[in-house]
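Please look through the sequence and the model below before reading on. The report that follows takes up one part of the structure after another.

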Amino acid sequence: MKWFTATTWCWNCNIQAYGKRVSYMSYFYILLAFLHSRRYNCFMNKEARQISRLGIMGGTFDPIHFGHLVTAEGARYEYKLDKVIFIPTGQPPHKQNIKRTEPWSRFEMTRLAVATNPFFEISPLEIERPGPSYTIDTVQEIARLFPGTQIYFITGADAVSEILIWKKVEQILSICRFIAATRPGYKLGETWKKIDELPQDLKKNILCMEVPALAISSTGIRQRVREGRPIKYLLPESVEEYITSNNIYQD
Ligand code: NAP
């Protein structure tokens with residue numbers, strides 16, 4: 001009986017001790033997870049703090065070509081950007097019914113193209129986000145990740161000239177500046193004139209940059225592939241190889 005009582009007492013103690021150990025352990029793990037997340041946040045904040053000017057290169061990139069790369073590098077130099085993040089569109093809101101290359105193939109071509117520039121990065125932000133890729137959602141997300149950073153959204157002037165019909169345009173222009181890359185001899189269209197009617201504090205956030213290399217176009221490259229004409233020297237070799245080995249733009 002004594003033995004039974006002693007054993008039960010010891011057993012209870014063990015359970016209690018074990019129970020305590022378990023709960024201490026879980027507190028320990030929670031603390032570790034907390035510290036880890038703080039460390040990660042600190043790292044993110046530290047990285048974000050080091051970036052005072054950030055470029056976002058937005059486009060369908062179907063495919064990416066030297067015109068885009070020269071534009072991004074030119075904007076980086078001209079506007080003293082610390083880095084440029086390429087964000088290929090997932091579902092372009094204005095091209096819902098137009099056949100486009102599958103998003104992850106466009107992403108892969110862009111990844112290959114930016115790999116050699118230490119100032120360039122790529123993000124699948126828009127591809128992973130379900131639904132149409134609205135720029136407002138993208139710039140809000142980037143502004144959240146990089147608080148206090150001046151954001152420059154770089155894209156083609158044709159796209160920017162349509163900006164007045166984009167979702168929440170005034171909010172976009174209050175969060176970031178636009179760099180509208182133009183081809184040589186580009187005529188500012190009728191829609192562009194409407195931008196002049198925007199309040200001065202928003203209009204001043206649309207900047208223009210002429211890029212001779214933008215004589216190259218994705219449309220032109222797709223057409224060349226369809227016609228069996230060469231695309232060498234219009235885009236990086238790695239992208240050309242990807243197009244050839246995956247039979248993209250053949251039909
Ligand atoms: P697009 O209408 O296909 O392109 C218009 C012109 O700009 C084309 O000549 C194109 O040349 C050129 N271009 C596109 N991106 C460029 C870049 N980053 N640098 C230099 N030139 C560029 O436009 P898109 O590519 O589909 O869209 C451009 C950006 O605007 C994307 O980020 C898109 O999400 C955004 N957007 C947002 C909304 C919205 O929020 N409602 C609506 C429309 C567009 P190539 O064909 O050679 O690329």
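Which residue stands opposite Phe 86 in β2? The answer is Met 57, and the section on paired strands returns to the elements around it.

## Overview

This is a predicted model, and its chain has 11 helices and 6 strands. Buried residues make up 31% of the 251 residues in the chain. Among contacts with a separation of 6 or more, 80% are accounted for by residues that lie 24 or more positions apart.

## Paired strands

Strands β1 and β2 run parallel and are joined by 6 bridges, and it is in this setting that Met 57 stands opposite Phe 86. Strand β2, which covers residues 83–88, has 5 of its 6 residues buried, so it is largely enclosed by the rest of the structure.

## The nonpolar core

In soluble globular proteins, nonpolar side chains tend to be buried together. Here the largest nonpolar core holds 47 residues, and the members that touch the most others are Ile 56 and Ile 154. Strand β5, residues 176–182, gives this core its largest share, which is 5 residues.

When residues up to four places away in sequence are left out of the count, Ile 56 touches Ile 85, Ile 87, Thr 138, Ile 142, Ile 151, Phe 153 and Ile 154. Ile 154 thus appears both among the contacts of Ile 56 and, beside Ile 56, as one of the two core residues that touch the most other members.

## Around the ligand

The ligand is surrounded by 26 residues, of which the closest are Gly 58, Gly 59, Gly 156, Trp 166 and Ser 218. Two or more residues of this shell come from each of β1 (53–59), α2 (66–78), β4 (150–156), α6 (157–160) and α10. Sorted by class, the shell consists of 9 nonpolar, 15 polar and 2 charged residues.

## Helix α11

Helix α11 spans residues 237–245, and within it Val 239, Glu 240 and Ile 243 are buried. Seen down the axis of α11, these buried residues fall within an arc of 100 degrees, so they line one face of the helix. An α-helix has 3.6 residues a turn, so residues three or four places apart point the same way.

The buried residues of α11 pack against α3 (103–114) and α10 (218–227), whereas the face turned away from the buried side carries the exposed residues Glu 237, Glu 241 and Ser 245. After α11 comes Asn 247, whose phi is positive, near 50 degrees.

Terms used:
Residues are numbered from 1 along each chain as its sequence is written. This is a predicted model: local features need pLDDT of at least 70, side-chain atom pairs count only at pLDDT 80 or more; totals for chains, interfaces and linings use all residues. A nonpolar core is a set of buried Ala, Val, Leu, Ile, Met, Phe, Trp, Tyr and Cys residues joined through C-beta atoms within 7 Å. A residue is buried if 20 or more other C-beta atoms lie within 10 Å of its own, exposed if 12 or fewer, and partly exposed in between; C-beta atoms are placed from the backbone. Helices (H or I, at least four residues) and strands (E, at least two) are DSSP runs, numbered from the N terminus. Two residues are in contact if their C-beta atoms, placed from the backbone, lie within 7 Å. The arc is that of the directions from the helix axis to the C-beta atoms. A residue is near a molecule or strand if its C-beta atom, placed from the backbone, lies within 6 Å of it. Ala, Val, Leu, Ile, Met, Phe, Trp, Tyr, Cys and Pro count as nonpolar, Asp, Glu, Lys and Arg as charged, and the others, Gly among them, as polar. Two strands pair if DSSP finds at least two bridges between them.
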